Amino acid sequence: MPGSSVVPVSGKVIGSEDISAVVDSALDGWFTTGRWAKDFEKKLAQFVGVRSASLVNSGSSANLVALSALNSPKLGERQFEAGG
């Protein structure tokens, strides 16, 4: 709750429900994008109010995807220009 809930800056913040989900995922053999990925992408897109969202494997990949999107000709005059 804003103004009343404490957000720890460090320490254990993983609860039993989280641990159970990790074990469930590991038992399925999913160590990257598993059965929850598509559902998460859909819910994330709805939450931020966009048509779709895509998970990537790292921050570097996220940067590459972002720059690629900014270079899209579909942006017209808003398209990112190198050196501009």
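1. Which helix does glutamate 41 lie in? Glutamate 41 lies in helix H2. The model is predicted, so read what follows with that in mind.

2. Fold content first. The protein chain holds three helices and zero strands. Along the sequence the pattern reads α-α-α.

3. Overall dimensions. The C-alpha trace spans about 50 × 40 × 25 Å along its principal axes. The radius of gyration of the protein chain is 18 Å, whereas a compact globule of 84 residues would come near 12 Å.

4. Burial and surface. Buried residues account for 7% of the 84 residues. The accessible surface of the protein chain is about 7600 Å². Carbon and sulfur atoms contribute 60% of that surface.

5. Helix H1 covers residues 16-28 and has 13 residues. At 1.5 Å a residue it should span 18 Å. Its end C-alpha atoms are 18 Å apart, so the expected and modelled spans agree. Glycine 29 follows H1, with a positive phi near 85°.

6. Back to glutamate 41 in H2. Is this residue buried or exposed? Glutamate 41 counts as buried, because its relative accessibility is 12% and the cut-off for buried is under 20%. Its side chain also makes a contact: it reaches the backbone nitrogen of leucine 55 at 2.8 Å.

7. Phenylalanine 40 is found in helix H2 too, which runs over residues 37-48. Its relative accessibility is 46%, so phenylalanine 40 counts as partly exposed. The band for that label lies between 20% and 50%.

8. A nonpolar patch sits on the surface. Which residues make it? Phe40, Leu44, Phe47, Val48, Val50 and Leu55 do, and the patch measures about 580 Å². A general point helps in reading the helical members: an α-helix has 3.6 residues a turn, so residues three or four places apart point the same way. Leu55 appears twice in this note: as a patch member, and through its backbone nitrogen, which the side chain of glutamate 41 reaches.

9. Last, asparagine 71. Asparagine 71 lies in the segment after helix H3, which covers 59-70. Its relative accessibility is 34%, so asparagine 71 counts as partly exposed. How far apart are asparagine 71 and valine 48 in space, and what is their separation in sequence? They are 22 Å apart, C-alpha to C-alpha, and 23 residues apart in sequence. Valine 48 is one of the patch residues in point 8.

Key. Residues numbered from 1 in each chain as written. Predicted model: local features only at pLDDT ≥ 70, side-chain atom pairs only at ≥ 80, totals over all residues. Heavy atoms only, no water. Helix = DSSP H or I, 4+ residues; strand = E, 2+ residues; numbered from the N terminus. Expected span 1.5 Å × (residues − 1). Patch = residues over 30% accessible without salt bridge, like charges linked within 9 Å, V, L, I, M, F, W, Y side chains within 5 Å. Areas by Shrake-Rupley, 256 points an atom, 1.4 Å probe, with all protein chains shown as cover. Salt bridge = Lys/Arg side-chain N within 4 Å of Asp/Glu carboxyl O. Buried < 20%, exposed > 50% of the residue type's maximum accessible area, 1.4 Å probe, protein only. Rg over C-alpha atoms; globule rule 2.2 N^0.38 Å. Polar contact = N/O pair within 3.5 Å; in protein donor to acceptor, adjacent residues only side chain to side chain.
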